[in-house]
Amino acid sequence: MPVDDLALEAQLRYYRERAPEYDQWFLRQGRYDRGSEENRLWFEEVEELRAALRDAAPGGDVLELACGTGIWTAELLPFARRLTAVDASPEMIELNRGRPGHDAVRFLAADLFTWRPERTHDFLFFGFWLSHVPPDRFEAFWELAESCLAPGGRVFWIDSRRNPASTARDHELSPPGAWTLTRKLNDGREFEIVKVFHEPESLEERLGALGWSFEIRATEHFFLHGLGSRTSEHAS
Ligand SMILES: C[S@@+](CC[C@H](N)C(=O)[O-])C[C@H]1O[C@@H](n2cnc3c(N)ncnc32)[C@H](O)[C@@H]1O
């Protein structure tokens with residue numbers, strides 16, 4: 001099996017097993033608790049992300065990819081006329097569906113490396129997903145993104161900056177340039193998953209070459225976010 005298929009399989013197994021403990025990362029609990037000062041910075045920057053998402057004015061027919069437990073589904077829901085959320089983990093979807101008000105969301109269990117949308121959408125969102133796309137599937141992923149959007153549709157995404165304090169105390173960052181790293185569950189089991197840390201400038205350029213126009217911003221320590229749309233048809 002090609003190395004990225006193995007990594008993608010392990011990555012999905014990791015998230016399926018991690019679903020019940022996933023929110024500890026976002027809430028800075030347990031192994032993700034970095035002490036009051038670092039945690040304060042984290043939550044301040046999460047507020048910046050929420051504000052940037054609101055400023056992007058999500059609306060209409062909204063699609064969320066790799067929705068997870070619903071941290072960002074909950075932010076999108078008040079703005080969407082219709083919200084569809086896709087994830088390959090049924091465990092993540094169950095947790096997401098159980099949040100108050102999320103019975104209004106249409107959930108799809110699907111693998112984003114093979115799934116194709118049945119229709120187009122006005123607004124596409126993915127949080128902490130782009131970094132889990134292996135380098136040799138980057139272009140194909142952006143073709144999927146294009147196929148999800150109606151003419152004039154927009155994309156907003158959020159992801160991690162390369163900062164050791166973003167993750168658990170017992171995780172190590174991979175060396176620069178590596179695209180996999182080892183992640184652990186609370187019980188100590190280890191998984192080799194995909195994690196590509198993007199840099200705003202080079203990512204803007206790469207997306208520009210694929211026919212996208214993006215404005216990508218970094219918060220001071222932890223996050224990247226980007227808002228963009230197609231500038232031209234992809235020449236494939
Ligand atoms: C880092 S989490 C992000 C979750 C959520 N977007 C958030 O920001 O909290 C990555 C998500 O991708 C999902 N996932 C992993 N592999 C996938 C695949 N091949 N297709 C679709 N979803 C996948 C996982 O189940 C998990 O919910």
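Ala, Val, Leu, Ile, Met, Phe, Trp, Tyr, Cys and Pro count here as nonpolar, Asp, Glu, Lys and Arg as charged, and the others, Gly among them, as polar. With that in hand, the shell around the ligand divides into 14 nonpolar, four polar and two charged residues. Please keep in mind that this is a predicted model.

**The chain as a whole**

Let us start with the fold. The chain's secondary structure comes to seven helices and nine strands. Its radius of gyration is 17 Å, close to the 18 Å that the globule rule gives for 236 residues, so the chain is as compact as a globular protein of that length. Along the principal axes, the C-alpha trace spans about 45 × 40 × 35 Å.

**Where the ligand sits**

The ligand takes up the space of the largest pocket. There are 20 residues around the ligand, and those that come nearest are Tyr22, Ala66, Asp87, Leu112 and Gly127.

Tyr22, Leu112 and Gly127 also appear in the polar distances below, Tyr22 through its side chain, Leu112 through its backbone and Gly127 likewise through its backbone.

| Ligand atom | Protein partner | Distance |
|---|---|---|
| oxygen | N or O atom in the side chain of Tyr22 | 3.0 Å |
| nitrogen | polar backbone atom of Leu112 | 2.9 Å |
| nitrogen | polar backbone atom of Gly127 | 2.8 Å |

How much of the ligand's surface does the protein bury? Taken alone, the ligand exposes 590 Å², and the protein buries 98% of that.

Notes. Residues are numbered from 1 along each chain as its sequence is written. This is a predicted model: local features need pLDDT of at least 70, side-chain atom pairs count only at pLDDT 80 or more; totals for chains, interfaces and linings use all residues. Side-chain values use heavy atoms; hydrogens and water are left out. A residue is near a molecule or strand if one of its heavy atoms lies within 4 Å of it. A polar contact is a pair of N or O atoms within 3.5 Å; within protein, one must be able to donate a hydrogen and the other to accept it, and residues adjacent in sequence count only if both atoms are side-chain atoms. Accessible areas come from the Shrake-Rupley method with a 1.4 Å probe; for residues, only the protein chains shown count as cover. On a 1 Å grid over the protein atoms alone, a cavity is a set of points where a 1.4 Å probe fits but cannot get out, and a pocket is an open set with protein on both sides within 12 Å along at least five of seven lines; lining residues have an atom within 4 Å of a point. A molecule sits in a cavity or pocket if more than half of its atoms lie within 2 Å of its grid points. Helices (H or I, at least four residues) and strands (E, at least two) are DSSP runs, numbered from the N terminus. The radius of gyration is taken over C-alpha atoms; the globule rule is 2.2 Å times the number of residues to the power 0.38.
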